[in-house]
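Here is a quick walk through one model, for anyone who likes to start with the strands and work outwards. Have the 3D view open while you read.

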Amino acid sequence: MKILIVGGGTGGTILANSLSRRLGREIRAGKIELTLLSASDRHMYQPGLLYVAFGQMTADELYRDEASLLEPEVDFHVDPVEKFVLDENHVVTKSGKTYHYDILIIATGSRVVPAEVPGLAEGAETFYTEEGAVRLHKRLTEFQGGTVAMVVSIPHKCPVAPVEAMFMLHDFFNARGIRDKVTLRYQYPTNRVHATSNVASWAKPEFDKAGIEYETLFNLKSVDPVKQIVYSEEGTEVKYDLLIAVPPHRGMEIVEQNQLTQSGWIPTDRFKLTMNGRDNVYVIGDATNIPVSKTGSAAHFESEVVTANIVARIKTGTVSPVRAYDGKVYCFIEAGFDRATYNAFDYVNLPPLKPPSKSIHWFKMAYNQMYWTSVRGLL
Amino acid sequence: MPENKIIDACNTFCPGPLMELITYMKQAHVGDTLELLSTDEGSAADVPEWIHKVGHEVVSNENVDGIWHITVRKIK
């Protein structure tokens, strides 16, 4: 039996380690081969980019060698897949090797595509890439006053990040003693300040308290970097001195080139996490089209479900899923530099947020380090 | 040839039905219709508000057995 995981991000790595722990004996006995293919030998803790933008972490802290995170039974190769031949149960990699599988898991993630919005790459800063977060930090430390505008493209990963960034901007400029010289403006695509109603209900009065201005139903159309104006599909515009953007996202080029996607994402059963029409192909994390947040948290919970179902297939011969993904997501939400709350929900339950506290903030700070335990499949 | 796409956003909170619709609207062609299925009561008002503001068309908006079926057409 050959299990092949494509993608060494949060979902792929947790899944590889979880399967290795559950199937270690079978792997050592040569009954199962567990292979992970990744495009990179490094693993990035992506939520840390927000802290890099505010000077609370440095970019080098966000990385570990992927091999150091994996159980020894995982056969790991840095050799990106170039061809998915699903009808014949194999993939072909950049090095020219062919990897056959009985079960395939696609965990290829997503990428930012700022080029989809005219003027965005030239006119806006972002904290969604390492280079962008480092540059944004420099811009923030040099900023002397004026309007800082946040615009949000969709779809995008980490849906609460723009809200967190606004509260952190408020505290950042307060700490610098120039908050009174800075207008903070937040533009958001839906009718409320956040797509998820519990976050919106909490964030709106908090924005009011912090003096953060907001405009809803603002869908990013284009940016004029010379005039420093950002335009919406709805016909409104905002003049800025510093523009921070959440760029639009798409699935990785390789899954699009192999025609596995619709509108950039792989059609996936929201409960079974199998690719539509393919019972031996699972899809987890950002790559799916399921209607749930694109977050490491979702990828983590999805990997637990897929682990259980693959182990059941192997150990008991159960083809029907023994676990269904219930849409579970858990996201910390920084409410500034020293307090935080969290959003824990699934497909049918959306409880109100707890009031922000210092203890949740410090738990998030601890999680920034505990992630490396989590991704090893231990937490 | 205009296409008709169904977006099943039932039982989903994040990114939510309107966000799903906006995402697919960006990729649709002028003349295409999108039918949003939503169990969120708010969608019945939220979706038409955005559609009118951005300048597209609401074709129909009805609740069938607890599910909102909101059909819109891309105009521009």
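How many residues lie between S20(A) and S21(A) in the hairpin they form? There are five, and A:Gly336 in the turn has a positive phi of about 140°. Keep in mind that this is a predicted model.

The two strands of that hairpin, S20 (residues 329–334) and S21 (residues 340–345) of chain A, run antiparallel and are joined by six bridges. If you want a landmark for the register, look for A:Val329, which sits opposite A:Phe345 in S21(A). Five of the six residues of S20(A) are buried, so the rest of the structure largely encloses this strand.

Now for a sheet with another kind of pairing. Chain A has an open sheet of four strands, in the order S13-S12-S11-S17, and here the pairing is parallel. S13 (213–215) and S17 (242–246) are at the edges with a single partner strand each, so one side of each has no neighbour in the sheet. From one strand to the next the twist averages 20°. S17(A) is held to S11 (residues 146–152) of chain A by five bridges, and A:Val151 is found opposite A:Ala245 in S17(A).

Here are the two strand pairs side by side:

| Strand pair | Sense | Bridges | Opposite residues |
|---|---|---|---|
| S20(A) and S21(A) | antiparallel | six bridges | A:Val329 and A:Phe345 |
| S11(A) and S17(A) | parallel | five bridges | A:Val151 and A:Ala245 |

Next, the domains. Chain A splits into domain 1 (2–109 + 252–316) and domain 2 (114–249). Their C-alpha centres are 32 Å apart. Where they meet, 12 residues of domain 1 are in contact with 17 residues of domain 2. The domain 1 side of that contact breaks down into seven nonpolar, three polar and two charged residues.

What about the inside? In soluble globular proteins, nonpolar side chains tend to be buried together. The largest nonpolar core in this model has 129 residues, and A:Ile105 and A:Ile106 have the most contacts inside it. Helix H7 (residues 161–176) of chain A is the top contributor, giving eight residues. Both domains of chain A take part, with at least three residues drawn from each of domain 1 and domain 2.

Zoom in on A:Ile106 and, leaving out residues up to four places away in sequence, you'll find it touching A:Val6, A:Gly7, A:Val255, A:Ile266, A:Val281, A:Val283 and A:Ala287. A:Val6 turns up again in the surroundings of A:Leu37, whose contacts, with the same sequence neighbours left out, also include A:His77, A:Asp79, A:Pro80, A:Val81, A:Thr93 and A:Tyr99.

Is A:Leu37 buried or exposed? This residue of strand S2 (residues 33–38) of chain A counts as buried because it has 23 C-beta neighbours inside 10 Å, where 20 or more is the cut-off. As for A:Leu69, it is 32 residues away from A:Leu37 in sequence and 14 Å away in space, C-alpha to C-alpha.

Finally, the partner chain. Which element of chain B supplies the largest share of the side that touches chain A? That's H1(B), with seven residues. In total, 19 residues of chain B are in contact with 21 residues of chain A. Helix H1 (17–27) and helix H2 (43–54) of chain B each provide at least two residues on the chain B side. Sorted by type, that side has 10 nonpolar, five polar and four charged residues.

Methods: Residues are numbered from 1 along each chain as its sequence is written. Chains are lettered from A and ligands numbered from 1 in the order in which they are written. This is a predicted model: local features need pLDDT of at least 70, side-chain atom pairs count only at pLDDT 80 or more; totals for chains, interfaces and linings use all residues. A nonpolar core is a set of buried Ala, Val, Leu, Ile, Met, Phe, Trp, Tyr and Cys residues joined through C-beta atoms within 7 Å. A residue is buried if 20 or more other C-beta atoms lie within 10 Å of its own, exposed if 12 or fewer, and partly exposed in between; C-beta atoms are placed from the backbone. Domain bounds come from an automatic or database domain assignment. Two residues are in contact if their C-beta atoms, placed from the backbone, lie within 7 Å. Ala, Val, Leu, Ile, Met, Phe, Trp, Tyr, Cys and Pro count as nonpolar, Asp, Glu, Lys and Arg as charged, and the others, Gly among them, as polar. Two strands pair if DSSP finds at least two bridges between them. Axes are lines fitted to C-alpha atoms, for helices over the stretch in contact, and angles run from 0 to 180 degrees between N-to-C directions.
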